[in-house]
Amino acid sequence: MIQKILIIIPSYNQPELVERCLTSLSEQSEKNFSILIVDDNSEESSSIKYKDLVFRFPSLDISYSRNEKNLGAIENMISCILKDTDYEFIMCLHEDDYIHPQYIE
């Protein structure tokens with residue numbers, strides 16, 4: 001099955017908030033999506049926690065990417081939205097978003 005939706009979560013030093021966002025994504029009724037966490041060059045301790053989140057949610061298709069330099073919140077968000085992908089749709093969530101279980105559906 002071709003993935004239709006890529007959910008991108010840009011973040012900077014907020015792995016606890018991303019975890020909460022991932023929890024809400026794990027509860028979605030629609031399961032045909034992938035997730036990309038884009039770390040805006042956080043402190044090393046936060047980057048390690050982001051990488052751990054990939055394994056804490058085995059039911060989700062999560063990838064992790066770290067910017068080589070800090071772009072800042074707005075530029076990081078724009079770069080996420082403009083990513084060239086093979087997905088039909090791209091959805092960008094903030095790290096602190098907690099969405100309704102039928103939001104993606």
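# Strands, helices and salt bridges

Reader: How exposed is Glu19, as a relative accessible area?
Author: The model is a predicted one. Glu19 falls in the partly exposed class, because that class starts where buried ends, at 20%. The relative accessible area of Glu19 is 23%.

Reader: Which residue forms a salt bridge with Glu19?
Author: A salt bridge needs a side-chain nitrogen within 4 Å of a carboxyl oxygen. Here the closest N and O atoms are 2.6 Å apart. The residue that forms this salt bridge with Glu19 is Arg56.

Reader: How far apart in sequence are the parts that Arg56 and Glu19 tie together?
Author: Arg56 lies in helix α2, and Glu19 lies in helix α1. The pair therefore ties together two separate parts. In sequence they are apart by 37 residues.

Reader: Is Arg56 buried or exposed?
Author: The relative accessibility of Arg56 is 51%. Exposed begins over 50%. So Arg56 counts as exposed.

Reader: How many salt bridges does a search of the whole structure find?
Author: The pair of Arg56 and Glu19 is one salt bridge. Asp39 and Arg66 make another, and so do Glu16 and Lys49. The search of the whole structure gives a total of three.

Reader: Which helix holds Lys49, the partner of Glu16?
Author: Glu16 and Lys49 bring their closest N and O atoms to 3.7 Å. The two residues are 33 residues apart, with Glu16 in helix α1. Glu16 is partly exposed at 49%, and Lys49 is partly exposed at 41%. Lys49 sits in helix α2.

Reader: Which strand holds Arg66, the partner of Asp39?
Author: The side chains of Asp39 and Arg66 meet at 3.5 Å, N to O. They link parts of the chain 27 residues apart, and Asp39 belongs to strand β2. Arg66 belongs to strand β3.

Reader: Is Asp39 buried or exposed?
Author: Its partner Arg66 is partly exposed, at 32%. Asp39 has a relative accessibility of 0%. Buried means under 20%, so Asp39 counts as buried.

Reader: Which strands stand at the edges of the sheet?
Author: Four parallel strands form an open sheet, in the order β3-β2-β1-β4. Each edge strand has a single partner, so one of its sides has no neighbour in the sheet. The edge strands are β3 (62-66) and β4 (89-92).

Reader: By what angle are neighbouring strands of this sheet turned against each other on average?
Author: The sheet is open, and its pairing is parallel. Direction is ignored in this average. The angle is 25°.

Reader: Which residue of β2 is the bridge partner of Pro10?
Author: Strand β1 covers residues 5-11, and strand β2 covers residues 33-39. The two pair in the parallel sense over seven bridges. In β2, the partner of Pro10 is Val38.

Reader: What angle does helix α2 make with β3?
Author: Helix α1 (residues 15-26) packs on the sheet and touches β1, β2 and β3, with its direction at about 165° to that of β1. Helix α2 (residues 44-56) packs on the sheet as well, touching β1, β2 and β3. Its direction and that of β3 make an angle of about 160°.

Reader: How many disulfides does a search of the whole structure find?
Author: A disulfide needs two cysteine sulfur atoms within 2.5 Å. The cysteine sulfur closest to that of Cys21 is in Cys92, 9.9 Å away, which is too far for a bond. Cys21 is buried at 0%, while Cys92 is partly exposed at 24%. The number of disulfides found is zero.

Terms used: Residues numbered from 1 in each chain as written. Predicted model: local features only at pLDDT ≥ 70, side-chain atom pairs only at ≥ 80, totals over all residues. Heavy atoms only, no water. Buried < 20%, exposed > 50% of the residue type's maximum accessible area, 1.4 Å probe, protein only. Pairing = 2+ DSSP bridges. Axes fitted to C-alpha atoms, helices over the stretch in contact; angles between N-to-C directions. Contact = heavy atoms within 4.5 Å.
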